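Open the model in your viewer and keep the sequence panel beside it. The tour below goes from one selection to the next and says what is found at each stop.

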Amino acid sequence: MKILAPLSNIDYIDKYITAGADELYLGFHDDLWHQKFGQYADINRMSGFIKRANPFNFEDVINIIKYVKNKNKCIYVTINANAYNSDQIRYIKEKYFIPLKQAGVDGVILSDINVILAAIDIGINPIASTMCSIYNEDITKIYKELGVKRMILPRDLSLDEIQQICEKIPDIHFEAFFMRNGCIFSDSYCLGLHRKECGGICAYTRFSESMYSHNYTDFNDYTDVDVNDYLYRHVFHIDACAMCALYRLSKIGIKSLKIVGRADDWDGICKDIKLTKENMQIMKDSGNEKDYLDHMIFPDNFPQKCRISMSCYYPEIRFNRKGRE
């Protein structure tokens with residue numbers, strides 16, 4: 001398995017590689033794009049975070065790709081906004097894809113079938129973003145038939161569901177979310193923007209004053225609604241982790257582990273890369289899943305982070321003993 005890490009600081013490229021990153025991914029901003037299509041036309045899913053998540057311009061990206069390739073590591077670029085119109089796709093193909101191919105990019109993370117077809121036409125390796133809803137083997141086959149060879153699985157799949165997809169279509173490079181930011185919704189079915197000024201539904205749910213839309217009927221009903229509201233607003237996937245699932249992910253065929261957080265603390269990302277690398281070695285030295293779980297290194301904020309499963313990408317590992325022997 002490979003460790004895939006987000007890049008938003010050029011000074012951390014070598015630090016991430018030294019810590020154990022095999023692959024890097026990044027986004028970019030383009031003032032000309034916004035002049036042409038407007039400030040709310042996203043280039044990627046994190047465009048709303050502006051330069052906090054996308055500090056590089058397109059020229060920077062080309063130089064970074066060349067630098068990373070000289071380090072014999074893989075690098076990917078995100079162009080995975082909710083949707084694009086035909087003029088935007090034409091712009092992407094001409095202004096981005098051709099230079100990216102010439103620079104030697106390993107692939108582009110894409111969310112739109114028509115953009116995927118444009119990438120294939122140029123000769124760029126398309127990667128199906130989590131926005132593509134790879135929830136089952138039928139959806140996987142659609143993208144495979146288009147020519148997609150690498151796909152990012154949604155955060156909310158269980159390990160059993162991931163295993164079923166991997167077993168049915170083993171020749172695809174599947175990538176799974178592994179560390180850092182989770183989400184209370186499904187990326188692929190969320191048409192909201194990551195922009196505070198637009199009232200992004202995820203930010204609104206997290207930070208607005210609590211207002212129940214449920215007409216409770218009795219004391220227990222009210223209590224259930226109140227507790228659920230608190231957990232999903234203040235606890236669920238605030239800092240997600242799949243470290244316990246490392247052994248299982250390896251056995252079922254996941255090829256890359258995605259550490260997310262293009263807008264996150266760089267040292268924190270570096271620490272997660274290092275921890276993942278250390279646990280991968282422990283996994284290799286373990287005879288079975290139980291052996292790995294008995295010897296794995298927990299995150300620094302264990303046990304508070306892990307105690308009630310609300311930060312687990314795959315809570316079935318910690319809270320279901322089936323399959324550990």
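A residue is called buried when its relative accessible area is under 20%, exposed when it is over 50%, and partly exposed in between. Keep in mind throughout that this is a predicted model.

**Stop 1: a salt bridge between helix 3 and a loop**

Select Lys-69. Its relative accessible area is 28%, so Lys-69 counts as partly exposed. Now add Asp-106 to the selection: the side chains of Lys-69 and Asp-106 form a salt bridge, with 2.8 Å from N to O. This pair joins distant parts of the chain, since Lys-69 belongs to helix 3 (residues 58-70) and Asp-106 to the loop between helix 4 (86-103) and strand 4 (107-110). Along the sequence they are 37 residues apart.

**Stop 2: a salt bridge inside helix 4**

Select Arg-90 and Asp-87. The closest N and O atoms of this salt bridge are 2.9 Å apart. Both residues lie in helix 4, with their positions three residues apart in the numbering, about one turn of the helix. Are they buried or partly exposed? Arg-90 has a relative accessible area of 43% and is therefore partly exposed. Asp-87, at 41%, is partly exposed as well.

**Stop 3: a buried pair and its network**

Select Glu-175 and Arg-150. Their side chains meet in a salt bridge of 2.9 Å, N to O. Glu-175 is in strand 7 (residues 173-180) and Arg-150 in strand 6 (residues 150-152), 25 residues apart, and the pair links distant parts of the chain. Both Glu-175 and Arg-150 are buried. Add Glu-23 and Lys-258 to see the network of salt bridges that links these two residues with Glu-175 and Arg-150. In the whole model, the salt bridges come to 15.

**Stop 4: the loop residue Asn-9**

Select Asn-9, in the loop between strand 1 (2-6) and helix 1 (13-19). Its relative accessibility is 12%, so Asn-9 counts as buried. A polar atom of the Asn-9 side chain lies 2.9 Å from the backbone nitrogen of Asp-11. Leaving aside residues up to four places away in sequence, Asn-9 touches Phe-56 and Trp-266.

**Stop 5: the nonpolar core**

In soluble globular proteins, nonpolar side chains tend to be buried together. The largest nonpolar core here has 99 residues. Which of them touch the most other members? They are Ile-79, Tyr-96, Phe-97, Leu-100, Leu-249 and Ile-254. Select Ile-79 and show its surroundings: residues it touches, beyond four places away in sequence, include Phe-28, Ile-43, Tyr-96, Phe-97, Leu-100 and Val-108.

**Stop 6: helix 5, buried side and surface**

Select Ile-122, which lies in helix 5. Ile-122 is buried because its relative accessible area is 17%. Ile-122 and Ile-98 are 24 residues apart in sequence, yet their C-alpha atoms are 6.8 Å apart in space. Not counting residues up to four places away in sequence, Ile-122 touches Lys-93, Phe-97, Ile-98 and Lys-101.

Next select Leu-117, also found in helix 5. With a relative accessible area of 38%, Leu-117 is partly exposed. Add Ile-113, Ile-120 and Ile-142: together with Leu-117 they form a nonpolar patch on the surface, with about 300 Å² of accessible area. Helix 5 (residues 113-122) supplies the largest share of this patch, three residues.

How values were computed
Residues numbered from 1 in each chain as written. Predicted model: local features only at pLDDT ≥ 70, side-chain atom pairs only at ≥ 80, totals over all residues. Heavy atoms only, no water. Helix = DSSP H or I, 4+ residues; strand = E, 2+ residues; numbered from the N terminus. Buried < 20%, exposed > 50% of the residue type's maximum accessible area, 1.4 Å probe, protein only. Polar contact = N/O pair within 3.5 Å; in protein donor to acceptor, adjacent residues only side chain to side chain. Contact = heavy atoms within 4.5 Å. Patch = residues over 30% accessible without salt bridge, like charges linked within 9 Å, V, L, I, M, F, W, Y side chains within 5 Å. Areas by Shrake-Rupley, 256 points an atom, 1.4 Å probe, with all protein chains shown as cover. Salt bridge = Lys/Arg side-chain N within 4 Å of Asp/Glu carboxyl O. Core = buried A, V, L, I, M, F, W, Y, C linked by side-chain atoms within 4.5 Å.
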